[in-house]
Amino acid sequence: MRWLFLFAMLPAPLSAQFSLYVCMTVTREYVVGAKLPPSGLFLKGADGRWQHAGYNHPFIFSLDYDPSDPSILYLAAGNGLIRASEHGEKWKILTGSDVTELRDVSVDRNAPGTIYFAHSHGIRVSRDRGATWEEIGTTLHRKFTEAVRADRRQAGALVAGGEEGIFRSEDSGRSWHIAGAAGFQVTRVEQSPHDGCEWAATTQGGGVFASHDCAKTFENTGRIGVGATLYDVAFDPMDVKRIAVAGWGPGIAISEDGGKTWQSRNTGLPVPEVVSVIFDPVVRGRVYSSVRDDGLYVSNDAGRNWSKQGLDGSVINRMKFVPSDVGK
Amino acid sequence: MRFAVLTFVFACVRLHAETPSFEQRKLAMIDAYAHHNGSGDYGYAEIAAKLWRHEDAAWCSQKLEQLLAAGPTGDMFWMFPVTSIAYVDRGQLTESARQALRRSWRTYMPYRGDTENHFLLYYTCLYLMSQMWANQPGDSWYTGNSSEQNLEEARQWIEAWVRLTTTRGQGEYDSPHYMGVYLLPMSYLAAWASDPAMKKRAAMMLDWLIADYAAENLDGLFVGAHSRVYESQLVEPWNGVSSDFGWLWFGAGRPLAMPDNYALYYLLSSAYEPPEVLKQIGMDRSQPYTHRERKRTRNRWRFHDELHGPVYKTTYVRREYAVGSDQGGVLQPIQQHSWDVTWSVPDARGVQNTFFTLHPYSSVQELQTYFVFNPDGATEGVVKSKKTYDSPDKFLGGSPFEQIVQDHDTVIALYDIAPETRFPHVNGFFSRDLSEVVEDKSGWIFMRGGASTYIACRPLQSYSWKPIAGGGRRLFSLYLKNGFVVQVAAASEFPDLASFGKAIAALPLEFRLDPVPSVRFRSLRGTTVEFTYGMTPRLNGVPVDYDHWPLFGGPFVESEVDSQRLILKHGSFQRTLDFKNLTVADAGN
């Protein structure tokens, strides 16, 4: 199992095959209590078709996988933190009645049994694969947390994004310090797969904030998305300088210089209202994005041209490439 | 179907002069579903009603399997009907139907939802089904957890909800619609929980919930401020779930033509009949009274340091009318109703017997406070189900730019509206059923509601009128610094509307609008009300004491904040509920 763990820590896996999982919802006519069209966790099969994994669920906002066994996924869902084993098919709710409407999940690459999730009123951690949980957001002034990442570079270091900016903890969440974007609601935080000291975060209204000092501080970078909401940021595992952001208004913007400058790349997208973006870890230049209520789009030239890729009518909250040829 | 409904309606009308007994009212409501034989499809509700009646068991089994085979939908609104069916089965369903029901709790994952009523329904049903199917492993439940784990999780949440409600009040308080989905779970647990403590706690909560409505109803209409109400019931107070319960418990008013299924499921479980003290509280309007309540806001995920803020309610009730309010502000998202006057009419069906004003507020800030929504598309998402949320002519919703004070039957509502807000004006609802409306040269508007009530309203700024579809007029005032002084009186206190107007116009009233609206008014009841926007109001020179506002305070219902103790009293009757020790003590007869 150890080699799997080490494999998961590689910045850019070269030989692994990956499966693309998406957290999607068909929300156009849905309110709580109404009939829900197929929604939840979907997996793109080897034949290119989408498969619905596990239960129908209207509210899955994020997923991560166990690096020691990528057939086990963790879903940040409305009903709680869900362990979806057997490649997403078999579900177990790991949390109780005291948390709701989870926003993000991050498995610690330094300790695969340690799982963090962001929720509507804080941040929780489990150090025993979800058997027990501890609230670690209690010292945050405002508790609502949209994003959390365990720093793979430094054990016990965390970066979280919430109502009042980006916060960093170096003691597993016992204390938090503002790291940037003060006063802005943070929507996403990501760590570069190339250099663990490079980070990026998106915000509601404030644009993109980047860190080049191992997430100690974040500064506004470039001029993209200011006054709009950016919902996602992705580093290209195949290109050290390429970063994408997705937003409502800007659509997709790509930086080819590590975030200094941005180019709008929306040709082929029906509207520049994009909620998630991810680069393919194997095919150079391939990138996926989700347009609101219009499913998935793909580009094979780093966002210069887009075409439809299925999941019509859905909004995809998060996408993740999960190693698929290991762990069984 | 038509026959059953007509029979139900006829029974209500025929018997209204001589109000039928609780048992008759109960059976009529159940039979409206059990004996439905028309073209409509009442699905699970019809199955449950027939099983309760021990009728058509074969049809019930067949229909249940058919519905389940089509695939469950509806989240917690699916859970409560099938839980009821499981418990009223009592050996009538076929084994095949029973197994289909059992399987559905493995193959379908209901969403737990995002409101207090969603959670209470969800956990009550999970509790009862885990109790029924005990000792079963995680892979037989959609949760992936065992029966015992499910039961324990549900127990914890239900007990926490009771504790929070009996210390700080409900968050989704006093909803004329959603009251049903609090009564229903408590009725289920009171009837079907095996644990004596859970059973007792739920039975006591039924008293609590009924008392919460009883003191604030007028002829069965749920009056005053509400956390959540639909616009159809807001302007026509009879038109909702509360009318079913007012009729069922007290024989008050008229039920809906087809009773809502919340009342049905309440009846199929405990069918709890309130004790005499609650019936008296619900019906005795011989003396005017002021009733106060403290509630709490819904969970505020963002923009606030505390998860829950306080809600301070005042309701003045007398035979002829009721006046009720909260303190203003956005206490609930989307469906809040902050103040009104409701006048009594002999038959409230189809009558818009209410008056109020508001600032029509719509904002992403409001939605992000109470929901985890992203900002883009949030408003259009809400409008899918709450059609008027983003409409300038709406009559529903709280506003951060509205502040209210009430003393007896006097209300002052002040507005200091930010210029950049979505709808920079105020609306007033002037019902088509106001009998007379006189715009007096003094600046006051005098109105008669029904035969019983005179209403005086003094807009602090000029206004115009806009028609309301279906009748009535909307007062429209586009001044940002604004307000209304409202004084209500019984028609019996004056010879006519003109005399009332003369008396009101003579009352001392001073106001200014800059830098913020400010009013000093000596009310018809002799109270000097001083209210400046942004400051604590003063009554006869004394600041309103929000710090010591009771959970319930009035002649009939008393409870101190954090006490977990409720006292119900009327005449020689008294009931004391102690939720810490789960005891009920009755006195009087």
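What follows is a short chat about how to read a predicted two-chain model, chain A with chain B.

Me: Let's begin with chain A. How many helices and strands does chain A have?

Reply: Keep in mind that this model is predicted. Chain A comes out with 28 strands and just 2 helices.

Me: And what does the radius of gyration say about chain A?

Reply: The trick is to hold the value up against what the globule rule gives for that chain length. For the 328 residues of chain A the rule gives 20 Å, and the model has 18 Å; the two are close, so chain A is as compact as a globular protein of that length. If you want a box for it, the C-alpha atoms fill roughly 45 × 45 × 40 Å along the principal axes.

Me: What share of chain A is buried?

Reply: Burial here is a neighbour count: 20 or more other C-beta atoms within 10 Å. In chain A, 58% of the 328 residues pass. As for sequence separation, take the contacts with a separation of 6 or more: 46% of them are between residues 24 or more positions apart.

Me: Now chain B. How many helices and strands are there in chain B?

Reply: Chain B has 17 helices along with 26 strands. Its radius of gyration is 24 Å and the globule rule gives 25 Å for 589 residues, so chain B too is as compact as a globular protein of its length. The C-alpha trace spans about 75 × 55 × 50 Å along the principal axes.

Me: Same drill for burial and contacts in chain B?

Reply: Of its 589 residues, 56% count as buried. Among contacts between residues at least 6 apart in sequence, 67% join residues at least 24 apart in chain B.

Me: Which residues of helix α14 of chain B are buried?

Reply: First the general idea: an α-helix has 3.6 residues a turn, so residues three or four places apart point the same way. In α14 of chain B, residues 276-283, the buried ones are V277(B), L278(B), K279(B), I281(B) and G282(B).

Me: What do the buried residues of α14(B) pack against?

Reply: On the helix side, α10 (196-214) and α12 (241-250) of chain B. On the strand side, β1 (217-218), β23 (557-558), β24 (565-570) and β25 (573-578) of chain B.

Me: Last one: how many residues of each chain are in contact across the interface?

Reply: There are 29 from chain B and 31 from chain A. On the chain B side, α7 (116-132) and α8 (147-168) each give two or more residues, and α8(B) gives the most, with 3. By class, that side has 10 nonpolar, 12 polar and 7 charged residues.

Note on methods
Residues are numbered from 1 along each chain as its sequence is written. Chains are lettered from A and ligands numbered from 1 in the order in which they are written. This is a predicted model: local features need pLDDT of at least 70, side-chain atom pairs count only at pLDDT 80 or more; totals for chains, interfaces and linings use all residues. Helices (H or I, at least four residues) and strands (E, at least two) are DSSP runs, numbered from the N terminus. The radius of gyration is taken over C-alpha atoms; the globule rule is 2.2 Å times the number of residues to the power 0.38. A residue is buried if 20 or more other C-beta atoms lie within 10 Å of its own, exposed if 12 or fewer, and partly exposed in between; C-beta atoms are placed from the backbone. Two residues are in contact if their C-beta atoms, placed from the backbone, lie within 7 Å. Ala, Val, Leu, Ile, Met, Phe, Trp, Tyr, Cys and Pro count as nonpolar, Asp, Glu, Lys and Arg as charged, and the others, Gly among them, as polar.
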